[in-house]
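Colleague: Could you take me through one part of this model closely, beginning with a single backbone feature and then working outward to the elements around it? I would like a connected account rather than a list.

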Amino acid sequence: MGPVKVSGRVTHVSRDAVRISGLSRSVCLGDLIEVPGRDGRRRRGEIIRLDEAEVVVKPFEQTADIGIGTRASRMGGLAIHPDPSWRGRVLNALGKPIDGLGPLEMGPAAFLLDRDPPHPMDRQKVGEGVSTGVRAIDLFTPICMGQRIGVFAGSGVGKSTLLGMLAGFGDFDTVVVGLVGERGREVREFVDDILKDALQRSVVIAATGDESPMIRRLAPKTAMSVAEYFRAQGEKVLLILDSATRFAHAARDVALAAGEPPVARGYTPSVFSDLAKLVERAGPGAQGEGTITGIVSVLVDGDDHNDPVADSLRGLLDGHIVLDRSIAEAGRYPPVDLLRSTSRLAQRVWDKDQRELVLRLRGLISRYEETRDLRMMGGFQTGTDDMLDKACELVPRVYEALRQTPNARSHGDPFADLATALAAGGR
């Protein structure tokens, strides 16, 4: 993708953006612009606003060495050329290797980072259920092939640990991981300590927290485009995005730089449309293609699950797994809140008996939790409430049966494992 012979001149430089004249009638929103820096390196950015006299460009890197009057060239849209050899590699948001293992092989087809989702009537249906090996999820919020589910948690609750447990689950051909706004040290830790052997069938896209909002906004799109490439080959793809909230933060920064007004706690309207378009790109492909099973983490600000981003994503995803800080502080991992977590496709996985069992367990857990304060104050006596008696007997055993360490994945039938644990607890 070489630059075309259309150019303009830099007229204004700020910390957030660069304004260029002479391009307004030759470019579109989202086009790439290339500007040489003082040291001769080519700086690239994306057009985020068009005016009659000039365009506003948000650079991927710092703007400090771009001077007034510098000639800027149009380059077209940003695309990558995925290839099966990308498995086992770690890339940045621009599709360049950052793992020191040499250059990447380029595939013949170009995949634009801003792609439209499949047409709704062309999509296949969501497939059968898959086992994650995490008992709390397999029992209460089962996941289907091609489903999109969110992991909602505050900071430091165990979100990344649970994502690591899920990274190797299921019979997937390829795993694509998008790390957005992570601490630099966590990228290496995720690759070496969490993915481990699964790296050989994984592609990791990483954008750390110190990189520009443009790069952090691109990283999930790059990960999604890589996943779409493998889906187009007929493969079953697992896509993990951590996190959608940091993508929303980056998209907000870009939209504000373009002059868009904030409407909900500082978020601009385009943030929510960007989230919807990104999420809709995952899922089953068209006939003859594979599926993308999406697991999207959502960092709830201040543990507020009614945060605008969290609230929007709950409506876009096919279910949500809620991690609770009080459960984590009690030492029960993974800290899944069973009552607030749900899978909209669970009915496709459970049979009649399993569905009735889960509903009964939810009822007992609800009764157990809502009377916790009463029981702690000594206001409950055995024999006065049969349902509460049963809840006090069974719920602690359920909690103990669901407790897992990150390396202790279950490979059996979760309902049989639960029945065994409950029977053993009754002896």
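Modeller: The point to begin with is Lys-196, which takes a positive phi of about 50 degrees just after helix H3. The model is a predicted one, and this angle, like the other values below, is computed from it.

Helix H3 itself covers residues 184-195. For its 12 residues, a rise of 1.5 Å a residue gives an expected span of 16 Å, and the end C-alpha atoms are indeed 16 Å apart. The buried positions of H3 are Glu-186, Val-187, Phe-190, Val-191 and Leu-195. Viewed down the axis of H3, these buried residues fall within an arc of 135 degrees, so they line one face of the helix. The general reason for such a pattern is that an α-helix has 3.6 residues a turn, so residues three or four places apart point the same way. The cover over the buried residues of H3 includes helix H2 (159-167) and the strands E8 (89-91), E13 (174-182) and E14 (202-208).

H3 lies within a stretch that carries an annotation: an unreviewed UniProt entry lists residues 145-328 as "domain: AAA+ ATPase". Over residues 145-328 the chain is 43% helix and 24% strand, with the end C-alpha atoms 29 Å apart.

Helix H6, residues 269-280, can be read in the manner used for H3. H6 has 12 residues and reaches 17 Å from its first C-alpha to its last, close to the 16 Å expected at 1.5 Å a residue. Ser-270, Val-271, Leu-275, Leu-278 and Val-279 are the buried residues of H6. Down the axis of H6 they fall within an arc of 165 degrees, so these residues too line one face of their helix. The elements they pack against are strands E12 (148-153) and E15 (236-242), together with helices H4 (213-232), H5 (244-257) and H7 (308-316).

Glu-280 also belongs to H6. With a relative accessible area of 32%, Glu-280 is partly exposed, which follows from the cut-offs: buried means under 20% and exposed over 50%. Beyond residues up to four places away in sequence, Glu-280 touches Pro-117, Pro-118, Arg-123 and Arg-148. With Arg-148 there is a polar contact between the two side chains, at 3.4 Å. Glu-280 and Val-90 are 190 residues apart in sequence, and their C-alpha atoms are 25 Å apart in space.

His-320, in strand E18 (residues 319-322), offers a further view. At 11% relative accessibility, His-320 counts as buried. Leaving aside neighbours within four places in sequence, His-320 is in contact with Thr-141, Ile-149, Gly-150, Phe-152, Arg-314, Arg-340, Ser-341 and Thr-342. The side chain of His-320 reaches the backbone oxygen of Arg-340 at 3.3 Å.

Finally, strand E6 (residues 71-76) has five of its six residues buried, so E6 is largely enclosed by the rest of the structure. E6 pairs with strand E1 (residues 7-13) in the antiparallel sense over three bridges, and the bridge partner of Arg-9 in E6 is Arg-71. Strand E3 (residues 32-36) likewise pairs with E6 in the antiparallel sense, over three bridges; there Glu-34 has Ser-73 as its bridge partner.

Key: Residues are numbered from 1 along each chain as its sequence is written. This is a predicted model: local features need pLDDT of at least 70, side-chain atom pairs count only at pLDDT 80 or more; totals for chains, interfaces and linings use all residues. Side-chain values use heavy atoms; hydrogens and water are left out. Helices (H or I, at least four residues) and strands (E, at least two) are DSSP runs, numbered from the N terminus. The expected span of a helix is 1.5 Å times one less than its number of residues. Buried means under 20% relative accessible area, exposed over 50%, partly exposed in between (1.4 Å probe, protein chains only). The arc is that of the directions from the helix axis to the C-beta atoms. Contact means heavy atoms within 4.5 Å. UniProt positions are given in the numbering used here, feature names are shortened, and annotations may be inferred rather than shown by experiment. Two strands pair if DSSP finds at least two bridges between them. A polar contact is a pair of N or O atoms within 3.5 Å; within protein, one must be able to donate a hydrogen and the other to accept it, and residues adjacent in sequence count only if both atoms are side-chain atoms.
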